[in-house]
Amino acid sequence: MSYLERLNDKQKEAVLCTEGPLLVLAGAGSGKTSMMTCRIAYLIDELGVSPYNILAVTFTNKAAGEMRERVDKILAGLDNPRTSDNLLIATFHSACLRILRVHADLLGYGKDFVVYDTSDQKTVAKGIIKDMNLDIKRYTPQYLLSVIGDCKEKCLDPEGYLRVNGENFRSKVVYEVYKAYENILRKNNAMDFDDLLLNVVRLFEREPEVLGKYQRRFRYIMVDEYQDTNTIQYKFVKYLAEGYGNICVVGDDDQCIYEWRGADIRNILDFEKDFRDAKVIKLEQNYRSCSNILKAAHSVIKKNRGRKDKELWTTREDGDKLVYHLSQDERDEVRYVAEQISKLKNEDSKEGRPLGYSDFAVLYRTNAQSRAFEEGFRLRGIPCKVVGNLGFYDRKEIKDVMCYLRLVQNPKDDVSLERIINEPKRGIGEKTMEKLKALAEVRGESLLETLSDREVTAGLSAKAEAAINELADLINGYHTEIENMTVAEIYDGLLARSGYLPALQAANTVEAESRIENILELRSAIDQFQKEQPAGTLMEFLEGKALASDSDKLPDGNEEEDEKEKVLLMTLHTAKGLEFPVVFMPGMEEGLFPGFRAMDRPEGLEEERRLCYVGITRAKEKLFLTGAKGRTLYGKWTSCSESSFIREIDPILLERDTPVEPKKSVYRDGYAEKPSGSPFRGGSSYAAKSAGSVASGIMSQNRSASAPIALSAGDRVAHAKFGEGTVTEVSPDGKTGVIIFDSEGRKKMALGIAPIKKI
Ligand code: ATP
Ligand code: MG
C-alpha cells in the first residue's frame, strides 16, 4: 500500500476510518482531497469493496475527472492492478440525473425526460407571463425563475412557497406562475437543473424501496467541499447515508464561497449533531504552500468573526514574501503580470523543474477582468486559456454586439444579421426567417437589402414590421454615417437604439447585469483602441478584434500539448480545490475585491474574505497581488483605492514593489485626463456606482430611434461636430441627405442618426 505511505498519520487515520460517519474538517491544502482519493483506492484495494458500492461527490466536473484519474493511477499501479469501473464519481447533478434516468417513471415522468437549461426555462417563463397577462417589467422571467429556483433548493412546492411567504398580491402571483411553470415542464416531460436534485429527494421520500436500493448500493459515500452544499444536497446525502451510515465528508468552513447560491455553512458545522457518533479528524499540516503564503492567508481569514479559529502549519521553507504591485491602470497591470511571467518562466521551481506557462494562474474576482489579460497576453505572445468560462469574445452578448458592429461595417453580412435579428426579440419566427432568406436569394440581394424594402416587411405581423423597419433604418443609417462618427459613438448608438441594452436593463437580474458589464467592458476596449488610433475606423477596430478572438483557432501543432502549456485565467470561484506554483491575484481594489455587490448582504464581506483566503491558498510558491490606481472597467474610468484585504495581510509578509503614494488625490488628479473619449468617466469609486449607471448614461445620450428630421434642399443645419452647413439634396424617403458644411465640405448623412439640428 505504497499510496498510504505518503500520507501523514491523521490522513491515514481518516483513510482507515471507513465505517461510520466521518468529518474531515481542515484548512486549505492540508490534503483532504488527496486523502479522499486514497480512501477510495484503499476501499477497493484493501477491503475488496466493489467500485459499484462507492459514491464520491465533487463540486465540478473537472474535479470529478481529476479524482477519477488519480484513483485509476493508484489502482493501476498496484501489484494486483484493479479498475474503477462502475465507481460513481460525479457532481450532485450528474449523480441525480443517473438515478432519475432509471426511476423517473415513479414520479410520473417518462424515462426519456429532457433537461431544460436556462434559456429553455426563460422561454417557459415568458410564455406564462404572457398567458397570465403580467407586467413583464414587474415580473421579469429572471426574477420569477430565481424565486422558483430558490424554492426548489429549499424543497418548497408552490403551496409551500405560499405558506412560507404568506398570502399577498405578489406572493399569489408568484404562486400561480410557479404552479403553471411546473405544469408546463410536466407536460413537456422536462426537468430543470434544480428538479434533478429535488426529484431524487422526492423519489427517496415517496419510494422507500428505491431509497433502500440506493442505500444498499452506496455502502461508502464521500463528499468533497462539503462546506458548499445547500439544503437539498444535504438531504440527498443524508437519505443515502441512513443506510450503512458510512459517510465521509471533507471540507473547510473557511472556504465556503457559495452562500449567495444557497450553500449553508451549518451543514458542515452541524455534522456531528446530524450524524450521531461522528468521528472528526482535523488536518493541520499544509503541504501546498510555502510558509509565508500560509501565514498571509491566516492573517486575512482570522479577521472573520463567525469562524472557529484554526491555524495550519507547514514544514516548508518561508519562501518568498508575497508581492504587492500597484499599477497605473489595468493595462499596466497586465504588463506587469506578463513581465513577471516572462522573467520567471524557465526558472527552476521548488519542485526542481523549470516553470512552464501552465504553472502560472491569474485568478480574478469578476469575469470582465479577463479581457485585459486575454488581449495583453496575446499581444506579448504569452499563450493563455480562460478556464471554466468562455473567453471574453466567446460570450453571447459580446458576439451579439460585435455582429451589430460588423453589420454596420458590412450590411451584406447575412450571418451577422441572422444572429441579431431577434436580439432583442423582434418577433421573427423561424419559418418567416426561412421565407425571407429564400426571397433575398431569389432577388439576388443581401438579407438586409430585402428587409429594407417596405413592401416586404408589410407582409409581416404588425409588431415584426415595425421592429424590422426600425432595425433596417438603424443599420443603414449607421452605415451611411460610418465615416462621420467614432467607433464609440456608433457603438453607444447601436446599443441604445437597437433595444439591446434596454432589454438587458429591463431584465434587472444578476445575469443581465453581468451581460451589461461585459458589454461595457467592450466599450473599454473601444476607448483603448480610439486612444491608440485617434483616427481609427470601425473596420480597423473589427479587424483587430477578429485577430484577437481567432488566434485560438489558428492551427498551431499538437493541441493537447498546447493546452498544457498555457497560463490559466479563471475566477477565484473556479479555482476552488486547485493549486499552482505561481499565482497572480489582480484587481486588489476596494469595490472590486471585496466587490461592492457583496456588500448588499451583511455577511457579504466575510464571504469575500473567504474567497480571498481561497485565492491566496491556491499558491504553492509565489503569490503576486496587484492593483491599479485607476482602471476602465465596465466602460468607465474609475480611480481606485487599495483593497482592505491588502492591509489585512501581515505587513512583514508583504513586499511592496512600488512606492506607496502618499495621497490618493495625487493620482486621481493626475489621471483625470488620461482616458480619452469616454463621456461617462467620473471619479467615483466602484462602490458608489455600478455598471447600471454607465448603461443609463449611454441610454440618455442615445434615446431610442428618432424619425429622421424633415429637411429639404436649401435648409441650413448645425452638426455637433462639423458645424454649420447647407442641405443640397435629400433622398426621396427622407432618410439620407447631402450637406455642404461651411468648413468641412460635402458629406452624405443619415438624417435620423447624425447629430444635426435645423437652424
Ligand atoms: P483544498 O482545501 O484547497 O481543496 P486539500 O485539503 O484538498 O486542499 P489537496 O489538494 O488534497 O488539499 O493537497 C494539497 C497538496 O498537498 C497537493 O499537492 C497534494 O499532493 C499534497 N499532499 C497532500 N497530502 C500530502 C502528504 N501527506 N505529503 C505530501 N504532500 C501531500
Ligand atoms: Mg480539495
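Q: How many salt bridges does the rule find across the interface of domain 1 and domain 3?

A: A salt bridge here is a side-chain nitrogen of Lys or Arg within 4 Å of a carboxyl oxygen of Asp or Glu. The rule finds two across this interface. As for salt bridges in this model, Asp 228 pairs with Lys 576, with 2.5 Å between the closest N and O atoms. Keep in mind that this is a predicted model, where local features need pLDDT of at least 70 and side-chain atom pairs count only at pLDDT 80 or more, while totals for chains, interfaces and linings use all residues. Residues are numbered from 1 along each chain as written, chains are lettered from A and ligands numbered from 1 in the order written, and side-chain values use heavy atoms, without hydrogens and water.

Q: Where do domain 1 and domain 3 run in the sequence?

A: Domain bounds come from an automatic or database domain assignment. Domain 1 covers 2-97 + 199-285, and domain 3 covers 322-383 + 567-664. Contact means heavy atoms within 4.5 Å, and here it takes 18 residues from domain 1 and 13 from domain 3.

Q: How much area do domain 1 and domain 3 bury between them?

A: Buried area is the accessible area (1.4 Å probe) that two parts lose on being put together, summed over both. For this pair that's about 1300 Å², with 54% of it on carbon and sulfur atoms.

Q: Which residues come nearest to ligand 1?

A: A residue counts as near if one of its heavy atoms lies within 4 Å of the molecule. There are 19 residues around ligand 1, and Gln 11, Lys 32, Thr 33, Ser 34 and Glu 579 come nearest.
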